[in-house]
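The following exercises are to be worked through with the sequence and the structure at hand. Each task is followed by a solution in steps.

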Amino acid sequence: MSTLLEVKNLKKYFKTPGGMLHAVDDVSFSINRGETLGVVGESGCGKSTLGRTVIHLLPKTSGQIIFDGEDISDVDDHKLKELRRDMQMIFQDPFSSLNPRMSISQIISEPLKIYHVCKNSKELDSRVTALMETVGLALRFRDAYPHELDGGRRQRVGIARALALDPKFIVCDEPVSALDVSIQAQILNLMQDLQKERGLTFIFITHDLSVVKHISDNISVMYLGNMVEKSPKKELFDNPLHPYTKALLSAIPQASIHRKKERILLEGEITSPINPKPGCRFAARCIYAQDRCREAAPPLEEMAPGHFCACYRAKELAQG
Amino acid sequence: MSDKLLEIKNLSIHYFADKTVFKAVNGVNLSLERGQTVGLVGETGAGKTTTALGVMGLIPSPPGKVVSGEILFEGKDLLKMSASEMRKVRGKKISMIFQDPMTALNPVLTVGDQITEVIKLHEKCSSLEAAAKAKEMLEMVGIPAERFSEYPHQFSGGMKQRVVISIALACRPEVIIADEPTTALDVTIQAQVLELMTKLKKEIQTSMILITHDLGVVAEICDKVAIMYAGEIIEFGDLEAIYDNTAHPYTIRLFGAIPDLEKDVDRLEPIMGLMPDPSNLAPGCRFCPRCANRMPICETTPPPEVEVTPGHMVKCHLYKEGGLA
Ligand SMILES: Nc1ncnc2c1ncn2[C@@H]1O[C@H](COP(=O)(O)OP(=O)(O)OP(=O)(O)O)[C@@H](O)[C@H]1O
Ligand SMILES: Nc1ncnc2c1ncn2[C@@H]1O[C@H](COP(=O)(O)OP(=O)(O)O)[C@@H](O)[C@H]1O
Ligand code: SF4
Ligand code: SF4
Ligand SMILES: [Mg+2]
Ligand SMILES: [Mg+2]
């Protein structure tokens, strides 16, 4: 299995009136071709910023991005336009991400036009038809406008638009979070089918741990701009190592009355990402925190094959 | 004597816009006993919020109108009360927690003043006494009293929702209606808030209707569950009935559509079709257009409420009193 994307020491800081906001702070990971990396974490921990920075929708502060064997850390506009064909994004709110004044067929054909993919309007028409069929949109919606569609269909339009240029890689930012569960399942199935058929690679951002477990091959857990754990999904759920991951997994309410599990309740709230203190970002809420945790940030280390964790005490805690 | 504290009978609420009627709530029966927590579960547009607003006497009118029904609270019909009588019930005896904490908080008042105001409104006490009580309430929901004079924007989402909860609890109401109180929160914060609500509910002996679309949250804190679809309660029962002896085809499919943490499946089983349009509901069973079990009778005749086992109510032609039809 070959690596499609490799990210090294990626940082994205924002200047704010209160100081430097460390939205993504020294994150490294890689994704294999055809696989899905799920990214989970609390609101504001940097998931969307990570996804956007990786595909150059936001300029990075520093770090290295290698895509399909090529270093794309620093690219000019021309190269960026070329990259856009291969790297696409699907957004959470299909409504605000679709232009309300464009019809469905115009929205889907826009990228095809920008990149002059089709020789004539007949070819363009048949490409749009094929894309609508691929995502399960009835052709009678060709001339409809986004507000006339329900949330599930709008998300299908967003997916069709992302697929138009036949990309290799898609960042999916909470693509089903705004949908009802019965509709959510339809869209998740569609995305899995498309991935299989087209060999797509996904970053799948969500705060829903049941969804991420269903859709991902590997899962990474973020906390305040840091990636604190990354592992194959089964291993992560069976054997979480980071104290934050453990609390997170124990807090998921399950739709069953037979699985009462021991809940780890965290104290306090997520702290501010503005000018963060040195040391482990989780220290303020961690019951295992020691002095060294507040002095320097723990590195992300491989604890078991493919299982990475950033915690000084993970090994010791795992041994009980 | 029945312990029924709140009893909703045959409640229908419609919204009238131009020439269209949106039938948001259709013949809902639901009762809440003292000390109980009932979960009201359904997807977007099922009519959960409208039902809650109906109980609170807060249906926006126009366009909304209660077209039939009774809402008995301590034996009296809330729908027959005058506006001033209703104001005494609202907040004091029945209070509501809204999904978005910001809509419930005033951005230009400190959180402390907002809690104090509610206490003064409902209890005869001096401003000083009310402020002292408000500080107690803040501490009770886990916010240090020193933060009394801060404004809502200085608080995180979870803290704001705790402030809203403390306002709802300030007058020790008999009933709390919580409309998706944790939907906007992260799971670790959700766990804190749910734990807090359960604890406070015990302490002040409140009953609760918990509105949610999350069957996981319900499993954790509810005693009874009502499943709502297209403005109707299509299944009702205790946790065992709903989770282990699920009867209604919609409820069964709803469980099937949620990814299960303990079971790995390659594909989910979505419910085909779309959410029903409340201005154009199917004439017979409302779920009929999406139901894999539908029969000819389902298309023409609304199924009656039947009790399949004591306390387990289902609205579906597959069942008759006492079990399968
Ligand atoms: N343009 C910006 N300017 C300043 N700060 C920003 C900007 N965009 C994001 N941030 C900050 O960066 C941090 C990470 O935000 P981000 O949107 O990536 O979080 P997220 O994990 O996607 O959260 P959510 O689950 O709420 O979508 C937050 O503290 C956010 O306030
Ligand atoms: N103010 C309103 N005017 C018109 N229709 C409304 C209004 N409020 C709600 N509705 C409609 O009533 C139905 C039920 O809505 P609601 O009670 O908010 O459902 P839920 O809380 O279960 O999502 C929906 O179809 C909704 O669009
Ligand atoms: S490094 Fe220290 S503070 Fe951070 S998670 Fe591990 S034990 Fe807790
Ligand atoms: S009444 Fe008929 S259509 Fe409705 S849920 Fe039951 S079987 Fe399905
Ligand atoms: Mg985001
Ligand atoms: Mg609602």
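**Exercise 1. Describe the contact between chain B and chain A.**

Solution. The model is a predicted one.

Step 1. Begin with polar contacts: between chain B and chain A there are 15 residue pairs in polar contact, with both residues at pLDDT 80 or more.

Step 2. Locate the elements of chain B that take part. At least two residues each on the side of chain B that touches chain A come from H6, helix H7 (187-204), helix H8 (215-221), helix H9 (239-244) and helix H10 (249-257) of chain B. The largest share of that side, seven residues, is supplied by H7(B).

Step 3. Sort the residues by class. The side of chain B that touches chain A comprises 22 nonpolar, eight polar and 14 charged residues.

Step 4. State the extent of the interface. In total, 44 residues of chain B are in contact with 41 residues of chain A. The two chains, B and A, bury about 3,600 Å² between them, and 56% of this area is on carbon and sulfur atoms.

**Exercise 2. Find salt bridges between the chains and within chain A.**

Solution.

Step 1. Recall the principle: side chains of opposite charge can pair when their charged atoms come close.

Step 2. Apply the cut-off, a side-chain nitrogen of Lys or Arg within 4 Å of a carboxyl oxygen of Asp or Glu. Over all chains, the structure holds 28 salt bridges.

Step 3. Turn to the interface of chain B and chain A, where three salt bridges are found. One example joins the side chains of A:Asp193 and B:Arg267, with an N to O distance of 2.5 Å.

Step 4. Examine a pair within chain A. A:Glu42 and A:Arg285 form a salt bridge in which the closest N and O atoms are 3.3 Å apart. This pair links distant parts of the chain, 243 residues apart. A:Glu42 lies in the loop between strand E3 (36-40) and helix H1 (47-54) of chain A, whereas A:Arg285 lies in the loop between helix H9 (243-250) and helix H10 (291-295) of chain A.

**Exercise 3. Characterise the second largest pocket.**

Solution.

Step 1. Give its volume, which is about 660 Å³.

Step 2. Identify the lining. Of the 21 residues that line the second largest pocket, B:Gly91, B:Val118, B:Leu121, B:His122 and B:Ile167 are the closest to its centre.

Step 3. Assign the lining to elements. Helix H2 (83-89), strand E6 (94-97), helix H4 (111-122) and helix H6 (157-169) of chain B each give two or more residues. H4(B) contributes the largest share, five residues.

Step 4. Classify the lining residues of this pocket: 12 are nonpolar, five polar and four charged.

**Exercise 4. Inspect the backbone of chain B at two loops.**

Solution.

Step 1. Consider the loop between helix H1 (48-56) and strand E4 (64-73) of chain B, which contains B:Pro62. The peptide bond joining B:Ser61 and B:Pro62 is cis, with omega about -10 degrees.

Step 2. Continue to B:Pro63, placed in the loop between H1 and E4 of chain B. The bond from B:Pro62 to B:Pro63 is cis, and its omega is near 5 degrees.

Step 3. Move to B:Asp18, in the loop between strand E1 (4-17) and strand E2 (20-33) of chain B. Phi of B:Asp18 is near 45 degrees, a positive value in a residue other than glycine.

Methods: Residues numbered from 1 in each chain as written. Chains lettered and ligands numbered in written order. Predicted model: local features only at pLDDT ≥ 70, side-chain atom pairs only at ≥ 80, totals over all residues. Heavy atoms only, no water. 1 Å grid on protein atoms, 1.4 Å probe; cavity = no way out; pocket = protein on both sides within 12 Å on 5 of 7 lines; lining within 4 Å. Points joined across faces, edges and corners; volume = space filled by probe spheres on them. Helix = DSSP H or I, 4+ residues; strand = E, 2+ residues; numbered from the N terminus. Nonpolar A, V, L, I, M, F, W, Y, C, P; charged D, E, K, R; others polar. Contact = heavy atoms within 4.5 Å. Buried area = accessible area lost by both parts, 1.4 Å probe. Polar contact = N/O pair within 3.5 Å; in protein donor to acceptor, adjacent residues only side chain to side chain.
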